[in-house]
Amino acid sequence: MILSCHDLSKSFHEEILFSHCSFHIEDNEKAAIVGINGCGKTTLIRMILGLEKADEGVITFAKDKTVGYLAQNQDDMEQNNTIYDELLTTKAHIIKMEQDLRLLENKLHAVTDESELKSIMENYENLSHIFQLENGYAYQSEITGVLNGLGFTKEEYNQSIATLSGGQKTRVALGKILLQKPDILFLDEPTNHLDMDSIRFLENFLSNYKGAVVLISHDRYFLDKICTKIIEIDHHNVTVFTGSYSDYSAKKKILIASAMNAYLNQQQEIKHQEEVIAKLKSFNREKSVKRARSREKMLSKVELIEKPAEIHDQMHFQLVPSKISGNDVLHMEHVEKTYQNKTLFSNLSMDIKRGEHVAIIGKNGTGKTTLLKIINDLVTPEEGKITLGTNVNIGYYDQEHHVLHMDKSIFEEISDDYPDLTGTQIRNTLAAFLFTGDDVFKKIKSLSGGERGRVSLAKLMLSSSNFLILDEPTNHLDIQSKEILEQALNHYEGTVLYVSHDRFFINQTAHRILDLEDGQLVSYLGNYDYYIEKHGDIYCDLKKKEDVTSSLERTDVTENKLNWQEQKENQAQKRKLENALKKTEESIEKIEAQISELEEEMAKPDIATNIGKLSELSRTCETHKEDLNKLYEEWEKLSEELENIRV
């Protein structure tokens, strides 16, 4: 075990972030801290690192372990260094060894005394061995490999740190930490500012990393690839889940459904008891009144179950086109754009049909955002033609939110664009995007990136457009808000064209992918997983796009009615599955109780600081969790079978 956190609590201005949280990190374990924006994820990491003080609790690191930290903002780099020189600082000890080896080599040629020569030879051999173990003969190629992996070109190696953007500085800081290879690595939003190729490089690096990793990320695809443990902050509580993000998400839904069922069942029982009590009292007999009082006494002792929060109770909206467009939504032919004497793309052509959800992907700097702006008539191409179809009404989401007016309030931003809406309608719309009370009078310029994104989404919802053009719509959104946006897009009957680096989001919402590569668009008919499977093997000729599009057309499948015999058999099978499901739920409750007892034991002060005993209990707890995972899987299988039975 490399890290133990016991009974941590933290509040800001009397607002509780989390209370009495406990968890631990094993050697080489890859863990993620998840939760909605503002729940305290970054604060928790800063507390662990001693950068912020905990209100309560004990944090214990294993002895002699090195720690690395990537924050969201970088301010500790030498501004006069080049990018390469800044990464070279991580190899200062190797460079010193290299210099010492050269000095020893020079001495070997100058010394004549045999005993002194023998001593120098021994020092040289020892230092050479250490130098080799530290990868001294290949440290320069290691640096260039990390720089290339993080998307830096050779031309950028000599660029000064002082001239870099915030995103570029973050990539430099990430490169330094990867080269330092600490025993435990803390990463706060490491995939921000990375394109897909760089994210895949980072995934591969961290998957094979020999140390422990604790990270914060809203990139669900990235979390699935890296993590074996999820630490969730939800409503001030911290809960640990074993497995990938998808495992956590499935288990979370089961737990919420189970908690909701328990709450509803208790509410139903309370209502029943209250009705019985009222009935007994209405009899107006001494015996009946005594029985009523007895039931009231029992009812007063019942520990009430708090209503669990819904998974998607943060943000609610629907996207509804005002009218249906023609079948041909967009036709683009021979478009060319040059920026600062560099041709981004030329002879670019494509067609988009009604109802398609198309994602444009590609490396940073290839011109994806520029292409969206050209389509939206915000940028003029050097060559080419853009034609919109009949009745096409564009709704545009700009990642930099240039469509917002910085000096207006949130309320004014909506009311000025939609003067027919009443104040109540505007407030209700903004409330769906978490702007309530006096929040609606905040100036746009004072909002965070995530808040501006929510204002832009609110305007998009009100626009009733039938062709949505979205530039990085998931930037600054937490995972739950992303899921809500995904649901809205998947139920949207219009056409969608967007740029995104969020592979999970693309997987959930895209029908087709356009890869902007070497100034050309390569089409893949499917989601991101399909793109990864076929990348480099399939090239959809732009002339065949009509054939490609036709395969997207949906066909209505009419279900045949079940005959009487089939219904009878299905009813019997349903009862069998319900019984099996009940037994599985009982087993889940039993093992959850055992895990809870073990975690309470591990949370005791005398155990939490005893690494040996804590490790023993931890192993037992992990075994129980593995058994619990199997039961969760069995529960899901039975539930799915039960849902698929038609009676």
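**Cysteines and strands: a chat**

Visitor: How far is the sulfur of Cys621 from the closest cysteine sulfur?
Guide: That distance is 16 Å, to the sulfur of Cys21, so the two are too far apart for a bond. A disulfide here is a pair of cysteine sulfur atoms within 2.5 Å.

Visitor: Before I go on, what sort of model is this?
Guide: A predicted model: local features need pLDDT of at least 70, side-chain atom pairs count only at pLDDT 80 or more, and totals for chains, interfaces and linings use all residues. Residues are numbered from 1 along each chain as its sequence is written, and side-chain values use heavy atoms, with hydrogens and water left out.

Visitor: Good. Is Cys621 buried or exposed?
Guide: Cys621 is buried, with a relative accessible area of 1%. Buried means under 20% relative accessible area, exposed over 50% and partly exposed in between, using a 1.4 Å probe and protein chains only.

Visitor: And how many disulfides does the rule give?
Guide: The count comes to zero. Cys227, for one, is in no disulfide, and its nearest cysteine sulfur, in Cys39, is 15 Å away. Cys227 is buried too, at a relative accessible area of 4%.

Visitor: Changing topic: what is the strand order in the open sheet of six strands?
Guide: The order is E5-E6-E7-E3-E8-E9, with mixed pairing. Strands (E, at least two residues) and helices (H or I, at least four) are DSSP runs numbered from the N terminus, and two strands pair if DSSP finds at least two bridges between them.

Visitor: Which strands stand at the edges?
Guide: E5 (67-70) and E9 (237-242) do; each has a single partner strand, so one side of each lacks a neighbour in the sheet.

Visitor: How do E8 and E9 run?
Guide: Antiparallel, with six bridges joining E8 (residues 229-234) to E9. One bridge pairs Lys229 with Thr242 in E9.

Visitor: Now E16. How many of its residues are buried?
Guide: Five of the five residues of E16 (residues 495-499) are, so the strand is largely enclosed by the rest of the structure. On one side the buried residues are Thr495, Leu497 and Val499, and on the other Val496 and Tyr498.

Visitor: What stands opposite Tyr498?
Guide: Ala359 does, and so does Leu470. E12 (residues 357-361) pairs with E16 in the parallel sense over four bridges, while E15 (residues 467-471) pairs with E16, also parallel, over five bridges.
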